[in-house]
Number of protein chains: 2
Amino acid sequence: MMSKAATTKKLILNKSLELIYKNGYQSTSIDEIIATTNVTKGAFFYHFKSKEEMGLAIINEIFFPTVIDGLVHPLEKVDNIIDEIYKMLHSILFDHSAFNIAYGCPVVNLVEEMSPVSESFRKALSRLLLRVQQALVTALETAQRNGQIRKDVNCKRVATFILSGYCGVRNMGKLFGKESYSNFLREIKFYLNQLK
Amino acid sequence: MMSKAATTKKLILNKSLELIYKNGYQSTSIDEIIATTNVTKGAFFYHFKSKEEMGLAIINEIFFPTVIDGLVHPLEKVDNIIDEIYKMLHSILFDHSAFNIAYGCPVVNLVEEMSPVSESFRKALSRLLLRVQQALVTALETAQRNGQIRKDVNCKRVATFILSGYCGVRNMGKLFGKESYSNFLREIKFYLNQLK
DNA sequence: TTACAAACATACTATTTAGTATGTTGGCAG
DNA sequence: CTGCCAACATACTAAATAGTATGTTTGTAA
């Protein structure tokens, strides 16, 4: 059972994330957050000493666990990595109901918006993305040792490439919708199969 | 020779773009723009009836010509498309001195930030990106007719994939710097060569 | 030259912003 | 029970914000 205070904090974080997902971090005001949560300003600033602290809490307390559970762990024990990466991309692009194509991916959005203007955000987000990249690299290297991937493949480069594609297609989707996603998926599948 | 008024307008647009590139559109205030340009508020609102109109003018009067001249036209008459696309990506990522890795690409940034929150921006930006995509598709199709690309390649999908990769690596670069760019370039080269 | 509109300048406003100061309440250790 | 502090609530502030109202200047057509 979660304490009342912890519940309030979670409520603030979740609603804030929702608003930030739709409007961006800098355009989401604390007044708007407290209005939609029915939490008072006093409560907000009791839990977070500043807006920035709240933003960083979203990264560390929501993004991190979600990404670790949803991407990093699933990549750890899998026998057919190539197929699994494709499936994961497909599933994250199409199946996740929390996502809205028009709004893209909350993590990617925050990288875009905040990493150039705040070193704290950049560091927190780069830790997160590094974690995902590392998980991909490790998985690919294992597959390489098992002979599922050619020996001359540079796993780190492949990981960067996959991540880039994912970030980018979230952007394209904002303009052109689902079609971007399926086009991307078809080509990444082709690319991934060439690694075998 | 440009009229004085046209010069002022250009000055506003160029400086605004600079500020938006660094801080984002919504976080760039008109007060900041007129401070750094030494243009008065009266002049600003004489040339643009609102901040949004100025933002759209950046897309239509700066992005469009730049992209048409720098990407669309170069793609029109070229004999080795695969190599040319790679060279263009390399050059746009590494050679262009107006770009700063930490800030990404101004067009991509604006897509990320504004297309979810403003239909006018979304439309203007989607026209722009569609133009680039179409140029890629046409070039690829020509190459396909000339036998430089396999017949079973879906040119539109490839174009989407390349664009996605570009958008995405601009994002990755914000976190990890140049290394993302070179990693991306190596893999896209591999991908492109598989189309032959 | 002079009229007059285009091109700018200045001063203002209503709202929104993050953050603060100063309260009040509710639960539970002693 | 009671004192005390975590957990909230309310009222405020100074700065920033997009935009407006009302000017003045400047080029140029007649």
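**Two chains and a DNA strand**

Let's start where the two protein chains meet: across the interface of chain B and chain A there are 6 salt bridges. Keep in mind while you look around that this is a predicted model. One of those salt bridges is easy to look up: B:Lys156 pairs with A:Glu179, and their closest N and O atoms sit 2.7 Å apart.

Salt bridges aren't the whole story here. Count residue pairs in polar contact across the interface of chain B and chain A, with both partners at pLDDT 80 or more, and you get 12. On chain B's side, the elements that each give two or more residues are H1, helix H6 (106-114), helix H7 (119-145), helix H8 (155-176) and helix H9 (178-193). Of these, H8(B) gives the most, with 16 residues on the side that touches chain A. Sort that side of chain B by class and you'll find 22 nonpolar, 15 polar and 10 charged residues.

How many residues does each chain bring to the contact? Chain B puts in 47, and chain A puts in 47 as well. The size of an interface is often given as the accessible area lost when the parts come together. For chain B and chain A, the buried area comes to about 4100 Å², and carbon and sulfur atoms give 63% of it.

Now swing over to the DNA. DNA strand C is surrounded by 16 residues, and the closest are A:Ile30, A:Lys51, B:Thr8, B:Tyr46 and B:His47. Which part of the strand do they meet? Among the atoms of DNA strand C that come within 4 Å of the protein, sugar and phosphate make up 60%.

A few contacts on chain A let you see this up close. A polar backbone atom of A:Ile30 lies 2.7 Å from a phosphate oxygen of DNA strand C. A:Lys51 also uses a polar backbone atom, 2.9 Å from a phosphate oxygen of the strand. With A:Ser29, it's a polar side-chain atom instead, 3.3 Å from a phosphate oxygen of DNA strand C.

Which helices build the surface near DNA strand C? At least two residues each come from helix H2 (30-37) and helix H3 (41-47) of chain A, along with helix H1 (4-23) and helix H3 (41-47) of chain B. The largest share belongs to H3(B), with 4 residues. By class, this surface near the strand has 4 nonpolar, 7 polar and 5 charged residues.

Terms used: Residues numbered from 1 in each chain as written. Chains lettered and ligands numbered in written order. Predicted model: local features only at pLDDT ≥ 70, side-chain atom pairs only at ≥ 80, totals over all residues. Heavy atoms only, no water. Near = heavy atom within 4 Å. Polar contact = N/O pair within 3.5 Å; in protein donor to acceptor, adjacent residues only side chain to side chain. Nonpolar A, V, L, I, M, F, W, Y, C, P; charged D, E, K, R; others polar. Contact = heavy atoms within 4.5 Å. Buried area = accessible area lost by both parts, 1.4 Å probe. Salt bridge = Lys/Arg side-chain N within 4 Å of Asp/Glu carboxyl O.
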